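This report describes the principal nonpolar core, the surroundings of the ligand and one loop residue. The sequence and structure are shown below.

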Amino acid sequence: MRWTILLLLLPLSLSAVAGNRALVKYRQHVMEASHDHMKAIGSLVLDGVPLRGQLPGHIHAIETFAKELPALFPRGSEGGDAERMIWWRWPDFKARAHKTAQAAAALDTAAVAGDEGRMHKAYYALLDSCKSCHHDYRQEP
Ligand code: HEC
């Protein structure tokens, strides 16, 4: 009897593991996409690519990414390079994501004002906000 129950539960837990793996892969894709947006912003802001009209789209993508970021780490989605500490220090983790969203908003404000000096500073502050979360919550790949 006990074995029957175990055998019935096995496919369920296997599909949970597969689902988790897909979720981890998904959040890594989203992180990679935001990395590409950062590189594109770098081309526009630091390297002078003359397509400034593209800038708001990239910045807003990062802002949305940062606001949605905690949702990429539901309880039980341990895996990938995510440190387990994320779920022990959840309020701090969420605060880090919020900081990235705020840094993206600051870059947006600087871009709207057309202030080059402030844009450079805001870009590096945004990059630092990514790095500081990685430093504490992402395992060294
Ligand atoms: C609140 C924390 C946090 C913030 C903020 C954050 N990240 Fe991440 N990032 C992580 C964690 C945790 C992982 C590891 C996820 C995993 O492997 O499951 C990760 C992974 C990545 C990866 C590797 C993905 C892969 O293919 O393995 C890239 C690239 C990345 N982040 C880029 C960024 C960029 C760019 C920003 C800022 C715009 C950013 N991240 C902001 C926590 C954060």
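## Nonpolar core

In this predicted model, the largest nonpolar core contains 20 residues, and the members that touch the most others are I59, A104, L107, M119, A122, Y123 and L126. At least two residues of this core come from each of helix 1, helix 2, helix 4 and helix 5. Helix 4 provides the largest share, seven residues.

L107 illustrates the packing: with residues up to four places away in sequence left out, L107 touches I59, M119, A122, Y123 and L126. In soluble globular proteins, nonpolar side chains tend to be buried together.

## Ligand shell

The ligand is surrounded by 23 residues, of which Q28, M31, G80, C130 and C133 are the closest. By class, the shell comprises eleven nonpolar, seven polar and five charged residues.

Helix 1 (2-45), helix 4 (90-113) and helix 5 (116-137) each contribute at least two residues to the shell around the ligand. The greatest contribution is that of helix 1, with eight residues.

## Loop residue D81

D81 is located in the loop that lies between helix 2 (55-68) and helix 3 (85-88). D81 counts as partly exposed because it has 13 C-beta neighbours inside 10 Å, whereas a buried residue would need 20 or more and an exposed one would have 12 or fewer.

D81 and E140 are separated by 59 residues in sequence, yet their C-alpha atoms are 7.3 Å apart in space.

Conventions. Residues numbered from 1 in each chain as written. Predicted model: local features only at pLDDT ≥ 70, side-chain atom pairs only at ≥ 80, totals over all residues. Near = placed C-beta within 6 Å. Helix = DSSP H or I, 4+ residues; strand = E, 2+ residues; numbered from the N terminus. Nonpolar A, V, L, I, M, F, W, Y, C, P; charged D, E, K, R; others polar. Core = buried A, V, L, I, M, F, W, Y, C linked by C-beta atoms within 7 Å. Contact = placed C-beta atoms within 7 Å.
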